[in-house]
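Me: I have a structure open and a list of terms that I do not fully trust. Could we go through the terms and ask what each one rests on?

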Amino acid sequence: MNSKEDKDLSRLCIHTITTKPWQIEEAAKNFAEAGVEGITVWRDALEGRNIKLTGKLLREHDLTIVSLCRGGFFPAKDLNKRKLAIDDNRRAIDEAVELGTSMIVLVCGADPSQPLEESRKQIRDGIAAILPEAAVAGVKLAIEPLHPMYADTRSAINTLAQANDLAEGLNSPSVGVAIDVYHVWWDPSLEKEIKRCGANGNLLAFHICDWKVPTSDLLLDRTLMGEGCIPIKQIRSLVEAAGFTGFNEVEIFSTEYWKYDQAEFLKKIITAYKEHS
Ligand code: ZN
């Protein structure tokens, strides 16, 4: 059977970092052969490459380029560092255009040497600064709230409510929210905030993986759907009830799975996707 006819995979997207040992060309070929239809590209996967040609190659494999990961990291106590961050985000918009994707995921950042509220203000200002370029480029900026364990250095936006507040405050069709189950599964306000996100037209992306119990690393020990404690199907149904019709993006950083033969890992991803998400 031609796996492209397998409707179950029509909304499956995989992040390049999930199969990090593969070069992007290898990932594209293997994803396409397995019937995967979407790819989210991490910027490190583009290093040393002609971005336009890489985008063309992905499209030749019939892959939809769901998003570019990632922009953000706006806050810094030092003004010069904040300016550099804004420059880097402008470059990310250029890269998204060259690649041929219409979305950038934002990991907003935090500077532990200042109060979280100050970092949040700088995030707002940073996004506002790049919004005109994003709008002209036709690129949407998806604010991804990160689990509070990352509030020290990775993001001062830690709940979906905060991401919704920020997106609504910026009030632009070029800004929305990316929901990653790993970051929000614990949140007692999740159902309410997913509804709010969808109702305001801000639900741009949905990332899936699972939370291993016990987890051995706060960053690099994500696991396959069904191997942890996140109610993925339940969250997906909330997201879909809120009107989301985009891709289900498998985003797993796992030093364990990166040691695997990646072709075997890809088979496991597809099985886990069909059975547990
Ligand atoms: Zn994510």
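Reply: The turns below take up some labels for this predicted model and set values against cut-offs.

Me: What makes the eight strands a barrel, and in which order do they come?

Reply: The eight strands close into a barrel in the order 1-2-3-4-5-6-7-10, with parallel pairing. From one strand to the next the twist averages 30 degrees. Helix 4 (residues 116-137) packs on the sheet, where it touches strand 4 (103-107), strand 5 (140-143) and strand 6 (175-180). The direction of helix 4 makes about 150 degrees with that of strand 5.

Me: How do you know that strand 1 and strand 10 pair?

Reply: Two strands pair if there are at least two bridges between them. Strand 1 (residues 12-15) and strand 10 (residues 248-250) have three bridges, in the parallel sense, so they meet the cut-off of at least two. Cys13 stands opposite Glu249 in strand 10, and the bridge partner of Ile14 in that strand is Val250.

Me: What is on the other side, between strand 1 and strand 2?

Reply: Strand 1 and strand 2 (residues 38-42) pair in the parallel sense, over three bridges. In strand 2, Gly38 is the bridge partner of Cys13.

Me: Which way do the residues of strand 1 point?

Reply: Leu12 and Ile14 point one way, and Cys13 and His15 point the other way. All of these residues are buried.

Me: Why is Cys13 called buried?

Reply: Buried means under 20% relative accessible area. The value for Cys13 is 0%, so Cys13 falls under the cut-off of 20%.

Me: How many disulfides does the structure hold, and why is Cys13 not in one?

Reply: The structure holds zero disulfides. A disulfide is a covalent bond between the sulfur atoms of two cysteines. To count here, the two sulfur atoms must be within 2.5 Å. The closest cysteine sulfur to that of Cys13 is in Cys69, at 9.2 Å, which is too far for a bond.

Me: What about Cys197?

Reply: The closest cysteine sulfur to that of Cys197 is in Cys108, at 13 Å, so the bond is ruled out as too far. Cys197 counts as buried, because its relative accessibility is 0%.

Me: Which residues are called donors of the zinc ion?

Reply: The protein donors are Glu144 (OE), Asp180 (OD), His207 (ND1) and Glu251 (OE). They lie 2.0 to 2.3 Å from the zinc ion. A donor must be within 2.8 Å of this metal, so the distances of 2.0 to 2.3 Å qualify. In sequence the donor residues are spaced E-x35-D-x26-H-x43-E.

Me: What makes the link between His207 and Glu251 one of distant parts of the chain?

Reply: His207 and Glu251 are 44 residues apart. His207 is in strand 7 (residues 203-208), while Glu251 is in the loop between strand 10 and helix 9 (255-258). His207 is buried at 0% relative accessible area. Glu251 also counts as buried, because its value is 3% and the cut-off is under 20%.

Me: Why is the site of the zinc ion called irregular?

Reply: The angles among the four donor atoms run from 80 to 150 degrees. Four donors count as tetrahedral if all angles lie between 85 and 135 degrees. Both ends of the range from 80 to 150 degrees lie outside those limits, so the site is not tetrahedral. Square planar needs opposite donors over 155 degrees apart, and the angles reach 150 degrees, so that label fails too. The site is therefore irregular.

Me: What is unusual to look for in the phi of Phe73, and is the residue buried, exposed or in between?

Reply: Phi of Phe73 is near 50 degrees, a positive value in a residue other than glycine. Phe73 is in the loop between strand 3 and helix 3 (79-99). Its relative accessibility is 31%, so Phe73 counts as partly exposed, between the cut-offs of 20% and 50%.

Me: Why is Asn171 called exposed?

Reply: Exposed means over 50% relative accessible area. Asn171 has 64%, so the label applies. Asn171 is in the loop between helix 5 (160-170) and strand 6, and it has a positive phi of about 45 degrees although it is not a glycine.

Note on methods: Residues numbered from 1 in each chain as written. Predicted model: local features only at pLDDT ≥ 70, side-chain atom pairs only at ≥ 80, totals over all residues. Heavy atoms only, no water. Helix = DSSP H or I, 4+ residues; strand = E, 2+ residues; numbered from the N terminus. Axes fitted to C-alpha atoms, helices over the stretch in contact; angles between N-to-C directions. Contact = heavy atoms within 4.5 Å. Buried < 20%, exposed > 50% of the residue type's maximum accessible area, 1.4 Å probe, protein only. Donors = N, O, S within 2.8 Å, 3.2 Å for Na, K, Ca; no water. Tetrahedral: all angles 85-135°; square planar, octahedral: opposite > 155°, others 65-115°.
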